[in-house]
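Trainee: Got a minute to go through a model with me? I'd like to talk it over piece by piece.
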Amino acid sequence: MTNRWNLTRGIFGPLWPYITDDSVTDIDWDGDSLWVEYAGGRKECVCPEEFDGRFVDNFTQYVANHVARPFNQVENVLSAETDTLRITVVHESLATSGRCFSIRKSMPKLRFGALQAIQENYCPEAFMHFLVNCVTIRCNFAFCGEPGHGKTECAKFLSTFIASADKVITVEDTLEWHYKSINPGKRADEIKIDSDEEYAKAIKVALRLNPTWLMLSEARSTEVQYLVEGWSTGVHGMTTLHTSDVRKIPDRVVNMMGQGIEPGRMVNNIYTHLDLGILLERTTDADGMTRRRITQAAIFERRGEENICTMLMEDGIFQQSLIPESILSRMKKAGIPDSCKSHLLEERFRQERKGIFYGMEEQKKWETTPELVRAVAEEVSGIY
(Lines give C-alpha, C1' and ligand atoms only; values in the text may rest on other atoms or scores of the structure.)
Protein backbone atom coordinates (compact mmCIF):
# COMPACT_ATOMS: atom_id res chain seq x y z
CA MET A 1 0.00 0.00 0.00
CA THR A 2 1.49 3.32 -1.01
CA ASN A 3 1.00 6.51 0.87
CA ARG A 4 2.22 8.77 -1.91
CA TRP A 5 -1.03 10.43 -2.84
CA ASN A 6 -1.32 13.65 -4.73
CA LEU A 7 -3.98 15.22 -2.53
CA THR A 8 -6.18 17.50 -4.61
CA ARG A 9 -9.56 19.18 -4.43
CA GLY A 10 -10.69 16.90 -7.24
CA ILE A 11 -10.33 13.81 -5.01
CA PHE A 12 -11.93 15.18 -1.86
CA GLY A 13 -14.46 17.55 -3.40
CA PRO A 14 -16.68 19.07 -0.69
CA LEU A 15 -14.38 17.61 1.99
CA TRP A 16 -11.44 19.66 0.73
CA PRO A 17 -11.86 22.63 3.16
CA TYR A 18 -11.64 20.21 6.09
CA ILE A 19 -8.70 18.33 4.58
CA THR A 20 -6.70 21.54 4.26
CA ASP A 21 -7.70 22.91 7.67
CA ASP A 22 -4.88 21.90 10.05
CA SER A 23 -7.14 22.37 13.07
CA VAL A 24 -9.40 19.51 11.91
CA THR A 25 -8.48 16.13 13.40
CA ASP A 26 -11.34 13.86 12.27
CA ILE A 27 -13.95 13.75 9.50
CA ASP A 28 -16.71 11.16 9.94
CA TRP A 29 -19.61 10.18 7.72
CA ASP A 30 -22.10 7.88 9.49
CA GLY A 31 -24.31 7.20 6.51
CA ASP A 32 -26.60 10.06 7.44
CA SER A 33 -24.56 12.99 8.84
CA LEU A 34 -21.10 14.43 8.30
CA TRP A 35 -19.25 15.32 11.50
CA VAL A 36 -16.01 17.27 11.88
CA GLU A 37 -13.87 17.31 15.03
CA TYR A 38 -11.27 19.97 15.76
CA ALA A 39 -8.04 19.88 17.78
CA GLY A 40 -9.64 21.90 20.55
CA GLY A 41 -12.31 19.23 20.95
CA ARG A 42 -15.17 21.04 19.24
CA LYS A 43 -17.43 18.82 17.13
CA GLU A 44 -19.94 20.00 14.60
CA CYS A 45 -22.32 18.49 12.07
CA VAL A 46 -21.70 20.10 8.67
CA CYS A 47 -23.61 20.11 5.40
CA PRO A 48 -21.20 21.07 2.60
CA GLU A 49 -22.65 21.60 -0.84
CA GLU A 50 -22.36 18.72 -3.30
CA PHE A 51 -21.89 16.19 -0.49
CA ASP A 52 -24.34 13.39 -1.30
CA GLY A 53 -24.54 9.67 -1.90
CA ARG A 54 -23.01 10.02 -5.33
CA PHE A 55 -19.94 11.73 -3.93
CA VAL A 56 -19.58 9.06 -1.22
CA ASP A 57 -19.69 6.32 -3.89
CA ASN A 58 -17.18 8.10 -6.13
CA PHE A 59 -14.84 8.92 -3.26
CA THR A 60 -14.76 5.39 -1.87
CA GLN A 61 -14.26 3.98 -5.37
CA TYR A 62 -11.28 6.26 -5.86
CA VAL A 63 -9.79 5.08 -2.55
CA ALA A 64 -10.32 1.43 -3.56
CA ASN A 65 -8.68 2.02 -6.94
CA HIS A 66 -5.73 3.79 -5.38
CA VAL A 67 -4.90 0.93 -3.01
CA ALA A 68 -5.84 -1.67 -5.66
CA ARG A 69 -8.30 -3.41 -3.37
CA PRO A 70 -11.85 -4.65 -4.04
CA PHE A 71 -14.66 -3.05 -2.07
CA ASN A 72 -17.90 -5.00 -2.07
CA GLN A 73 -20.15 -7.22 0.07
CA VAL A 74 -17.33 -9.71 0.61
CA GLU A 75 -14.40 -7.27 0.97
CA ASN A 76 -16.47 -4.86 3.01
CA VAL A 77 -13.80 -2.89 4.91
CA LEU A 78 -11.40 -0.62 3.09
CA SER A 79 -8.33 1.06 4.58
CA ALA A 80 -5.92 3.52 3.04
CA GLU A 81 -3.58 6.27 4.11
CA THR A 82 -1.51 9.18 2.94
CA ASP A 83 1.34 10.94 4.71
CA THR A 84 -1.21 12.76 6.89
CA LEU A 85 -4.55 10.91 6.53
CA ARG A 86 -5.86 7.54 7.67
CA ILE A 87 -9.02 6.54 5.81
CA THR A 88 -11.38 3.71 6.79
CA VAL A 89 -14.52 2.90 4.79
CA VAL A 90 -17.20 0.35 5.75
CA HIS A 91 -19.51 -1.11 3.09
CA GLU A 92 -23.28 -0.91 3.47
CA SER A 93 -23.46 -4.72 3.63
CA LEU A 94 -21.75 -4.49 7.02
CA ALA A 95 -22.92 -1.08 8.25
CA THR A 96 -26.70 -1.32 8.40
CA SER A 97 -26.97 2.48 8.62
CA GLY A 98 -25.36 2.76 5.19
CA ARG A 99 -21.88 3.18 3.79
CA CYS A 100 -19.75 5.15 6.22
CA PHE A 101 -16.18 6.37 6.45
CA SER A 102 -13.74 7.99 8.83
CA ILE A 103 -10.78 10.19 7.95
CA ARG A 104 -8.31 10.75 10.78
CA LYS A 105 -5.61 13.36 10.32
CA SER A 106 -2.11 13.19 11.75
CA MET A 107 -0.22 16.35 10.89
CA PRO A 108 3.59 16.63 10.76
CA LYS A 109 3.53 19.15 13.58
CA LEU A 110 2.74 19.33 17.27
CA ARG A 111 -0.89 19.83 18.27
CA PHE A 112 0.01 21.94 21.28
CA GLY A 113 2.83 24.00 22.72
CA ALA A 114 4.28 23.94 26.22
CA LEU A 115 2.60 27.14 27.42
CA GLN A 116 -0.74 26.15 25.94
CA ALA A 117 -0.57 22.79 27.74
CA ILE A 118 0.00 24.50 31.09
CA GLN A 119 -2.74 27.07 30.48
CA GLU A 120 -5.25 24.34 29.60
CA ASN A 121 -4.37 22.22 32.66
CA TYR A 122 -2.88 19.45 30.55
CA CYS A 123 -0.59 18.76 33.49
CA PRO A 124 1.01 20.74 36.35
CA GLU A 125 4.00 22.84 35.28
CA ALA A 126 6.29 21.11 37.79
CA PHE A 127 5.32 17.75 36.31
CA MET A 128 6.09 18.91 32.78
CA HIS A 129 9.55 19.95 33.98
CA PHE A 130 9.95 16.51 35.52
CA LEU A 131 8.92 14.76 32.28
CA VAL A 132 11.39 16.78 30.21
CA ASN A 133 14.15 15.90 32.68
CA CYS A 134 13.13 12.23 32.34
CA VAL A 135 13.67 12.55 28.59
CA THR A 136 17.06 14.13 29.25
CA ILE A 137 18.19 11.14 31.34
CA ARG A 138 16.70 8.82 28.70
CA CYS A 139 13.93 7.14 30.62
CA ASN A 140 11.76 4.55 28.88
CA PHE A 141 8.14 5.68 28.52
CA ALA A 142 4.81 3.92 28.02
CA PHE A 143 1.82 6.17 27.26
CA CYS A 144 -1.53 4.55 27.85
CA GLY A 145 -5.20 5.41 27.52
CA GLU A 146 -8.18 4.81 25.29
CA PRO A 147 -8.20 5.57 21.54
CA GLY A 148 -8.35 9.29 20.84
CA HIS A 149 -7.11 10.32 24.28
CA GLY A 150 -3.87 11.85 22.97
CA LYS A 151 -1.22 9.22 23.73
CA THR A 152 0.76 9.76 20.54
CA GLU A 153 0.51 13.56 20.71
CA CYS A 154 1.94 13.49 24.24
CA ALA A 155 4.78 11.23 23.11
CA LYS A 156 5.48 13.47 20.10
CA PHE A 157 5.66 16.54 22.30
CA LEU A 158 8.11 15.00 24.78
CA SER A 159 10.24 13.52 21.99
CA THR A 160 11.08 17.04 20.80
CA PHE A 161 13.31 17.34 23.88
CA ILE A 162 15.53 14.44 22.79
CA ALA A 163 19.11 15.60 22.22
CA SER A 164 20.01 16.27 18.58
CA ALA A 165 22.95 13.84 18.74
CA ASP A 166 20.71 10.95 19.83
CA LYS A 167 19.70 8.69 16.95
CA VAL A 168 15.95 8.06 16.89
CA ILE A 169 14.23 5.28 14.93
CA THR A 170 10.44 5.22 14.62
CA VAL A 171 8.53 2.05 13.73
CA GLU A 172 4.86 2.42 12.80
CA ASP A 173 2.18 1.06 10.49
CA THR A 174 0.34 4.39 10.30
CA LEU A 175 2.36 7.57 9.96
CA GLU A 176 1.89 9.51 13.19
CA TRP A 177 5.29 10.38 14.68
CA HIS A 178 6.52 12.58 11.79
CA TYR A 179 9.72 12.84 13.80
CA LYS A 180 11.97 14.19 11.05
CA SER A 181 9.41 16.77 9.94
CA ILE A 182 8.88 18.05 13.47
CA ASN A 183 12.57 17.88 14.35
CA PRO A 184 14.53 18.80 11.19
CA GLY A 185 18.25 18.36 11.53
CA LYS A 186 18.02 15.71 14.25
CA ARG A 187 19.29 12.17 13.65
CA ALA A 188 16.43 9.85 12.75
CA ASP A 189 15.34 6.91 10.60
CA GLU A 190 11.65 6.24 9.97
CA ILE A 191 10.46 2.68 9.30
CA LYS A 192 6.99 2.19 7.83
CA ILE A 193 5.41 -1.27 7.86
CA ASP A 194 2.24 -2.53 6.19
CA SER A 195 0.97 -5.15 8.64
CA ASP A 196 1.14 -6.23 12.27
CA GLU A 197 3.14 -9.28 11.21
CA GLU A 198 6.02 -7.03 10.11
CA TYR A 199 6.38 -5.28 13.48
CA ALA A 200 8.70 -7.85 15.06
CA LYS A 201 10.97 -7.93 12.02
CA ALA A 202 11.07 -4.13 11.82
CA ILE A 203 12.02 -3.82 15.50
CA LYS A 204 14.81 -6.36 15.13
CA VAL A 205 16.11 -4.51 12.06
CA ALA A 206 15.87 -1.18 13.87
CA LEU A 207 17.92 -2.49 16.80
CA ARG A 208 20.72 -3.37 14.36
CA LEU A 209 20.84 0.25 13.16
CA ASN A 210 22.39 1.38 16.45
CA PRO A 211 19.62 3.66 17.72
CA THR A 212 19.72 5.65 20.92
CA TRP A 213 15.91 5.73 20.95
CA LEU A 214 13.39 3.31 19.45
CA MET A 215 9.85 4.68 19.10
CA LEU A 216 7.02 2.19 18.59
CA SER A 217 3.81 3.93 17.56
CA GLU A 218 1.64 1.36 19.33
CA ALA A 219 2.40 -1.88 21.17
CA ARG A 220 -0.33 -4.34 20.20
CA SER A 221 0.97 -7.89 20.18
CA THR A 222 4.01 -10.15 20.46
CA GLU A 223 6.33 -7.54 18.96
CA VAL A 224 6.44 -5.85 22.37
CA GLN A 225 8.79 -8.61 23.50
CA TYR A 226 11.50 -7.29 21.16
CA LEU A 227 10.90 -3.76 22.40
CA VAL A 228 11.51 -4.83 26.01
CA GLU A 229 14.58 -6.78 24.90
CA GLY A 230 15.82 -3.64 23.17
CA TRP A 231 15.43 -1.68 26.41
CA SER A 232 17.47 -4.36 28.17
CA THR A 233 20.39 -3.76 25.77
CA GLY A 234 20.52 -0.05 26.55
CA VAL A 235 18.27 1.26 23.77
CA HIS A 236 15.77 3.78 25.10
CA GLY A 237 12.25 4.27 23.85
CA MET A 238 8.68 5.40 23.89
CA THR A 239 5.55 3.47 22.99
CA THR A 240 1.79 3.70 23.38
CA LEU A 241 -0.65 1.00 24.40
CA HIS A 242 -4.28 0.59 25.37
CA THR A 243 -5.05 0.25 29.05
CA SER A 244 -7.06 2.30 31.52
CA ASP A 245 -4.61 2.50 34.43
CA VAL A 246 -0.82 2.82 34.57
CA ARG A 247 -0.68 0.05 37.18
CA LYS A 248 -1.99 -2.35 34.55
CA ILE A 249 0.87 -1.70 32.11
CA PRO A 250 3.14 -4.63 33.14
CA ASP A 251 0.30 -7.16 32.97
CA ARG A 252 -0.90 -5.68 29.68
CA VAL A 253 2.57 -6.04 28.16
CA VAL A 254 2.89 -9.65 29.36
CA ASN A 255 -0.55 -10.53 27.97
CA MET A 256 0.44 -9.15 24.56
CA MET A 257 3.49 -11.40 24.42
CA GLY A 258 1.33 -14.52 24.16
CA GLN A 259 2.52 -18.04 24.90
CA GLY A 260 6.07 -19.31 25.09
CA ILE A 261 7.35 -16.86 27.70
CA GLU A 262 7.85 -17.03 31.43
CA PRO A 263 5.38 -14.44 32.77
CA GLY A 264 7.20 -13.98 36.07
CA ARG A 265 10.57 -13.36 34.44
CA MET A 266 9.06 -11.02 31.87
CA VAL A 267 7.26 -8.97 34.54
CA ASN A 268 10.59 -8.60 36.30
CA ASN A 269 12.17 -7.38 33.05
CA ILE A 270 9.41 -4.82 32.57
CA TYR A 271 9.84 -3.41 36.06
CA THR A 272 13.61 -3.31 35.49
CA HIS A 273 13.61 -1.55 32.14
CA LEU A 274 10.35 0.45 31.90
CA ASP A 275 10.79 3.66 33.83
CA LEU A 276 7.64 5.72 33.44
CA GLY A 277 3.98 5.04 32.68
CA ILE A 278 1.64 7.91 31.79
CA LEU A 279 -2.16 7.80 31.43
CA LEU A 280 -3.96 10.25 29.14
CA GLU A 281 -7.68 10.86 29.51
CA ARG A 282 -10.23 12.91 27.63
CA THR A 283 -13.05 14.85 29.27
CA THR A 284 -15.83 17.05 27.91
CA ASP A 285 -16.51 20.40 29.54
CA ALA A 286 -19.95 21.91 30.08
CA ASP A 287 -19.38 24.02 26.97
CA GLY A 288 -18.88 20.86 24.90
CA MET A 289 -15.13 21.32 24.49
CA THR A 290 -12.98 18.21 24.74
CA ARG A 291 -9.91 18.39 26.97
CA ARG A 292 -7.06 15.92 27.06
CA ARG A 293 -4.82 15.75 30.08
CA ILE A 294 -2.42 13.57 32.00
CA THR A 295 -4.22 12.04 34.98
CA GLN A 296 -1.85 9.30 36.16
CA ALA A 297 1.89 8.72 36.24
CA ALA A 298 3.94 5.96 37.81
CA ILE A 299 7.59 5.01 38.14
CA PHE A 300 8.40 1.31 37.69
CA GLU A 301 11.50 -0.15 39.28
CA ARG A 302 12.89 -3.40 40.63
CA ARG A 303 14.59 -3.15 44.01
CA GLY A 304 16.33 -6.38 44.86
CA GLU A 305 13.71 -9.07 44.39
CA GLU A 306 10.74 -6.70 44.64
CA ASN A 307 8.80 -5.03 41.82
CA ILE A 308 7.65 -1.54 42.82
CA CYS A 309 5.17 0.81 41.13
CA THR A 310 5.31 4.29 42.65
CA MET A 311 2.31 6.46 41.80
CA LEU A 312 3.55 10.01 41.24
CA MET A 313 0.23 11.28 39.96
CA GLU A 314 -3.37 10.32 40.59
CA ASP A 315 -6.36 12.30 39.28
CA GLY A 316 -3.96 14.88 37.88
CA ILE A 317 -2.36 15.64 41.25
CA PHE A 318 1.45 15.41 41.15
CA GLN A 319 3.32 14.38 44.30
CA GLN A 320 6.91 15.45 43.77
CA SER A 321 7.97 14.10 47.15
CA LEU A 322 7.35 10.53 45.93
CA ILE A 323 9.92 10.61 43.12
CA PRO A 324 12.14 7.57 43.83
CA GLU A 325 15.79 7.99 44.71
CA SER A 326 16.72 5.91 41.65
CA ILE A 327 15.38 8.64 39.34
CA LEU A 328 16.77 11.50 41.43
CA SER A 329 20.19 9.88 41.39
CA ARG A 330 20.19 9.56 37.61
CA MET A 331 19.22 13.20 37.28
CA LYS A 332 21.98 14.34 39.62
CA LYS A 333 24.53 12.34 37.61
CA ALA A 334 23.24 14.13 34.50
CA GLY A 335 23.82 17.52 36.13
CA ILE A 336 20.17 18.16 36.99
CA PRO A 337 20.01 19.34 40.62
CA ASP A 338 16.24 19.96 40.64
CA SER A 339 14.06 17.15 39.27
CA CYS A 340 11.25 19.61 38.54
CA LYS A 341 13.28 22.33 36.86
CA SER A 342 14.38 21.89 33.25
CA HIS A 343 16.46 24.50 31.44
CA LEU A 344 15.24 23.05 28.14
CA LEU A 345 11.60 23.60 29.07
CA GLU A 346 12.33 27.09 30.39
CA GLU A 347 13.91 27.95 27.05
CA ARG A 348 10.85 26.52 25.24
CA PHE A 349 8.64 28.78 27.36
CA ARG A 350 10.79 31.80 26.52
CA GLN A 351 10.56 31.11 22.80
CA GLU A 352 6.80 30.62 22.91
CA ARG A 353 6.28 33.86 24.81
CA LYS A 354 7.93 35.57 21.83
CA GLY A 355 5.51 33.82 19.48
CA ILE A 356 7.97 31.18 18.28
CA PHE A 357 6.62 27.64 18.51
CA TYR A 358 8.87 24.62 18.07
CA GLY A 359 7.36 21.88 15.94
CA MET A 360 4.27 23.94 15.18
CA GLU A 361 5.57 26.19 12.39
CA GLU A 362 8.45 26.49 9.96
CA GLN A 363 11.62 25.55 11.76
CA LYS A 364 13.52 28.55 10.40
CA LYS A 365 11.50 30.69 12.83
CA TRP A 366 12.87 28.76 15.81
CA GLU A 367 15.74 30.71 17.31
CA THR A 368 18.91 28.98 18.47
CA THR A 369 19.77 31.45 21.18
CA PRO A 370 22.88 31.42 23.38
CA GLU A 371 20.54 30.49 26.23
CA LEU A 372 19.30 27.44 24.33
CA VAL A 373 22.81 26.32 23.43
CA ARG A 374 23.88 26.71 27.05
CA ALA A 375 20.76 24.90 28.29
CA VAL A 376 21.37 21.92 26.00
CA ALA A 377 25.00 21.74 27.04
CA GLU A 378 24.03 21.77 30.71
CA GLU A 379 21.28 19.19 30.31
CA VAL A 380 23.44 16.59 28.52
CA SER A 381 26.73 17.25 30.32
CA GLY A 382 26.26 14.36 32.70
CA ILE A 383 25.05 11.83 30.12
CA TYR A 384 27.73 11.50 27.46
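Mentor: Sure, let's go from the overall fold to the salt bridges, a helix pair and a few odd residues. Keep in mind that this is a predicted model.

Trainee: Okay, how many helices and strands does the protein chain have?
Mentor: The protein chain has 14 helices and 15 strands.

Trainee: And what share of the residues is buried?
Mentor: Of the 384 residues in the protein chain, 54% are buried. As for contacts between residues at least 6 apart in sequence, 58% of them join residues at least 24 apart.

Trainee: Salt bridges next. How many turn up in the whole structure?
Mentor: The search finds 17. One of them pairs Arg138 with Asp166, where the closest N and O atoms are 2.7 Å apart.

Trainee: Where do those two sit in the chain?
Mentor: Arg138 is in the loop between helix 5 and strand 7, while Asp166 is in the loop between helix 6 and strand 8, so the pair ties together parts 28 residues apart in sequence.

Trainee: Are Arg138 and Asp166 buried or exposed?
Mentor: Arg138 is buried, and Asp166 is too.

Trainee: What about Asp275, which residue does it bridge to?
Mentor: Asp275 pairs with Arg330, with 3.1 Å between the closest N and O atoms. That one links distant parts of the chain: Asp275 is in the loop between helix 11 and strand 12, Arg330 is in helix 12, and they are 55 residues apart.

Trainee: Why does Asp275 count as buried?
Mentor: Because its relative accessibility is 8%, and the cut-off for buried is under 20%. Its partner Arg330 is at 29%, so Arg330 counts as partly exposed.

Trainee: Got a salt bridge with both partners partly exposed?
Mentor: Take Arg42 and Glu44, whose closest N and O atoms are 3.4 Å apart. Arg42 is partly exposed at 37% relative accessibility, and Glu44 is partly exposed as well, at 26%.

Trainee: Which residues are linked in a network of salt bridges?
Mentor: Asp57, Glu92 and Arg99 are linked that way.

Trainee: Now, Glu176 puzzles me. What's going on with its charge partners?
Mentor: Glu176 is buried but has no salt bridge. Its nearest side chain of opposite charge is Arg86, 4.3 Å away, and a salt bridge needs the nitrogen and oxygen within 4 Å.

Trainee: So where is Glu176, and what does it touch?
Mentor: Glu176 is in the loop between strand 8 and helix 7. Leaving aside neighbours within four places in sequence, Glu176 contacts Arg86, Ser106, Thr152, Lys156 and Ser217.

Trainee: Switching topic: how do helix 10 and helix 11 pack?
Mentor: Their axes are 10 Å apart, at an angle of about 130°. That makes helix 10 oblique to helix 11. The crossing of the two helices is right-handed.

Trainee: Which side chains meet there?
Mentor: From helix 10, Pro250, Val253, Val254 and Met257 meet Pro263, Met266, Val267, Ile270 and Tyr271 of helix 11.

Trainee: Last one: which phi values should I look at?
Mentor: Ala68 has a positive phi near 55° and isn't glycine. Ala68 lies in the loop between helix 3 and strand 4, and is exposed with a relative accessible area of 66%. Then there's Asn121, also not a glycine, with a positive phi of about 60°.

Trainee: Where's Asn121, and is it buried or exposed?
Mentor: Asn121 is in the loop between helix 4 and helix 5. Asn121 is exposed, at 56% relative accessible area.

How values were computed
Residues numbered from 1 in each chain as written. Predicted model: local features only at pLDDT ≥ 70, side-chain atom pairs only at ≥ 80, totals over all residues. Heavy atoms only, no water. Helix = DSSP H or I, 4+ residues; strand = E, 2+ residues; numbered from the N terminus. Buried < 20%, exposed > 50% of the residue type's maximum accessible area, 1.4 Å probe, protein only. Lys, Arg positive; Asp, Glu negative; His and termini not counted. Contact = heavy atoms within 4.5 Å. Axes fitted to C-alpha atoms, helices over the stretch in contact; angles between N-to-C directions. Parallel < 35°, antiparallel > 145°, perpendicular 65-115°, else oblique. Left-handed = near helix turned anticlockwise from the far one by under 90°.
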